[in-house]
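This report is meant to be read alongside the sequence and the model. It goes from individual helices to single residues and then to charged pairs.

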Amino acid sequence: MPEEIGEDCKLQEMFHKALELLPILWTKAGYLEEAITAYRRALIKPWNLDPERLAGVQKSLACTLLYSGVEASLPPQLQVWGPTTPKNNTEEAILLLLILMKKVALNQIKWDSEVMDHLSYALSVIGQFELLANHFEQALPGLYGRAERWYLLALCYSACGQNEEALNLLKKVAGCSEAKNKPHFLSFLLGAKLCSLDTVHAHEGIEFSRKAIDLVSDQCEHFMGQAHKFLGVCYSGAARASISDSERTVFQRESLNSLNHAALNGKGDPEVMFSLGLENAVQRNLDAAFSYTMKYSDMVAGSSGHGWKLLALVVSAEQRFNDAEAIVDFALDEAGRRDQLELLRLKAVLQIAQEHPKQAIETYRMLLASVQAQRNSKAKNFEQGRTFDPEAILERNLEKEAWRDLAAIYTKLSLWPDAEICINKAKLIEFYSPQSWHTTGTLFEAQSKHKEALISFSVSLSIEPDYVPSIVSTAEVLMKLGTGSLPIARSFLMNALRLEPTNHEAWLNLGMLSKMEGSLQQAAEFFQAAYELRLSAPVQSFV
């Protein structure tokens, strides 16, 4: 603007108003690219706009870039930052919003909650949840209440996979320091959800869920259903972690009661049906599990990979391996790529159960080739913006499990060198893995190297003391070493059954041990229990 035109001149005010209205008119007319160009023109020229009005134009441009659906890259004359120039609408919008947040921090403009809302959306789209958490932490005191700030930070940390940090923040909301303040319902609900993902926090999840149920009104059926669903899942986790039979029975009963209550309140929620199917499967109520899993598949129109997986596992628990494999083959055509990898491994395990090792090896080859192809693709199109990639973690775990499963196949075929190569491949991915060391011990045991097997099983248990397969295998080796080790073997087996009462291999070995000790009646009872549990055992664990 010419210097002779003063700030009190009406012409300047009219011109500024025109700068604001022109992109709005282009937007109303449907010419979004022209609107973006008009916004940019208003920002790159020195029009003497006051800070609040300039901030308004910047916010409007950021919103248009984020939500217009039109990709409008910067023209060459504006690409003045070299490699740091925004490459797309989202990056340009984030840059504008970060500039606005800096102005707020410097008290150059007033706080605008909409700017934070738009920044939250933009950073969530590109997976920059830790950066978003930093901005919530940097927000000036008084803009958010303590409980709300902790809740928003917990959302960010849980989104980037840091569930422990998120739970620590939510525990503050439920702690004594907030007892005098109004309870924050959403924090309790999020806490219950995060606790339902890990059995270690099952008891804390029960407390979070109960607090949420106490706060929600009877009229809000959706939230009531969600709270009862998480309560049921947490009871299920507490039952699996319990070492007392009576306590486990109580928790299992409460789990089904809560999930049934959730089904009544949250009608139409497919996840409740899935949880009911899973819990009934864990309790070996296979008919009910099959019914609920079918309801879940109908509700999601067969588009859920983990629904198909549960259905195949339930059918495999009925010892119908051919039908289970047919379900997996059908699911492979319907599922997304992420679910396909898990289903491929399940298919291989089903082929092993049917004693088709060559087919299983070929299936594992396809799985590993698919993982490697995806890794190569990501290496060529590396996304620096995504700090947490759950798909990459899943692929890594599946690759590790595939190598272990292959080692087990080669061990059964007495192909020791091939089995050892596969175990070493698994250990390269994660050396301190109880499963990998257990597989190593199984290989040594198959070669009658009992001392080396005991060492490997001991390493496995030193990493995870409650890893049941290694506890059972240790007892098996001790039984082979002579009668002097039988009392120790019995203690290992009793510990395994305390942790996993439905483990048929533990019951079988306990029967063999009793037979070696001469307790034939007791051995017969243990063999009967092992036989009945084996008839309802899935090819993979339900959970």
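## Helices, loops and salt bridges

Helix α2, made up of residues 32–44, has 13 residues and reaches 19 Å from its first C-alpha to its last, which is close to the 18 Å expected at 1.5 Å a residue. The structure is a predicted model, and the values that follow are computed from it. Within α2, the buried residues are A35, I36, A38, Y39, R40 and A42.

Ahead of α2 in the sequence is helix α1, residues 10–29, which contains I24. I24 counts as partly exposed because its relative accessibility is 37%. Together with L21 and L25, I24 forms a nonpolar patch on the surface, and the three residues have about 270 Å² of accessible area together.

### Around helix α25

Helix α25 covers residues 504–517, and its 14 residues should span 20 Å at 1.5 Å a residue; the end C-alpha atoms are 20 Å apart, so the two values agree. What happens at the two ends of this helix? At the N-terminal end, N503 acts as a cap, with a side-chain oxygen 3.1 Å from the backbone nitrogen of E505. At the other end, α25 is followed by G518, whose phi is positive, near 90°.

The buried residues of α25 are A506, N509, L510, G511, L513 and S514. The elements that cover them include α23, α24 (486–499) and α26 (520–534). Helix α23, residues 468–480, holds I471, and I471 counts as buried because its relative accessibility is 2%. Although I471 and A506 are 35 residues apart in sequence, their C-alpha atoms are 9.0 Å apart in space. Leaving aside neighbours within four places in sequence, I471 is in contact with L461, P465, D466, F492, N495, A496 and L499.

Another residue with contacts to this part of the sequence is H438, which is found in helix α21, residues 434–446. With a relative accessibility of 13%, H438 counts as buried. Apart from neighbours within four places in sequence, H438 is in contact with F457, S460, Y467, P469, S470 and S473.

### S536 and its loop partners

S536 is placed in the segment after α26 and is buried, with a relative accessible area of 13%. Which residues does S536 touch, not counting those up to four places away in sequence? They are R284, L286, A317 and Q319. With R284 there is also a polar contact of 2.9 Å, which joins the two side chains.

Two of these partners, R284 and Q319, lie in loops and have positive phi values. R284 is in the loop between α13 (270–282) and α14 (286–299), and its phi is about 65° although R284 is not a glycine. Q319 is in the loop between α15 (305–317) and α16 (321–334), where its phi is near 65°, a positive value in a residue other than glycine. Q319 counts as partly exposed because its relative accessibility is 27%.

### Salt bridges

Side chains of opposite charge can pair when their charged atoms come close. In this model the count comes to 18 salt bridges, and three of them are set out below.

| Pair | Closest N to O distance |
|---|---|
| R248 and D245 | 2.7 Å |
| D405 and R345 | 2.7 Å |
| E399 and R375 | 2.6 Å |

R248 and D245 both lie in helix α12, residues 245–265, three residues apart, or about one turn of the helix. R248 is buried, with a relative accessible area of 8%, whereas D245 is exposed, with 52%.

The salt bridge of D405 with R345 connects helix α19 (residues 390–412) with helix α17 (residues 337–353), so the pair ties together parts that are 60 residues apart in sequence. D405 is buried at a relative accessible area of 14%, and R345 counts as buried at 16% relative accessibility.

The salt bridge of E399 with R375 joins α19 to helix α18 (residues 357–380), so this pair ties together parts that are 24 residues apart in sequence. E399 is buried, with a relative accessible area of 12%, while R375 is partly exposed, with 35%.

Elsewhere in the chain, K59, D112 and E114 are linked in a network of salt bridges.

Technical notes
Residues are numbered from 1 along each chain as its sequence is written. This is a predicted model: local features need pLDDT of at least 70, side-chain atom pairs count only at pLDDT 80 or more; totals for chains, interfaces and linings use all residues. Side-chain values use heavy atoms; hydrogens and water are left out. Patches are made of residues with over 30% relative accessible area and no salt bridge: like charges are joined within 9 Å, nonpolar side chains (Val, Leu, Ile, Met, Phe, Trp, Tyr) within 5 Å. Accessible areas come from the Shrake-Rupley method with a 1.4 Å probe; for residues, only the protein chains shown count as cover. A salt bridge is a side-chain nitrogen of Lys or Arg within 4 Å of a carboxyl oxygen of Asp or Glu. Helices (H or I, at least four residues) and strands (E, at least two) are DSSP runs, numbered from the N terminus. Buried means under 20% relative accessible area, exposed over 50%, partly exposed in between (1.4 Å probe, protein chains only). Contact means heavy atoms within 4.5 Å. The expected span of a helix is 1.5 Å times one less than its number of residues. A polar contact is a pair of N or O atoms within 3.5 Å; within protein, one must be able to donate a hydrogen and the other to accept it, and residues adjacent in sequence count only if both atoms are side-chain atoms.
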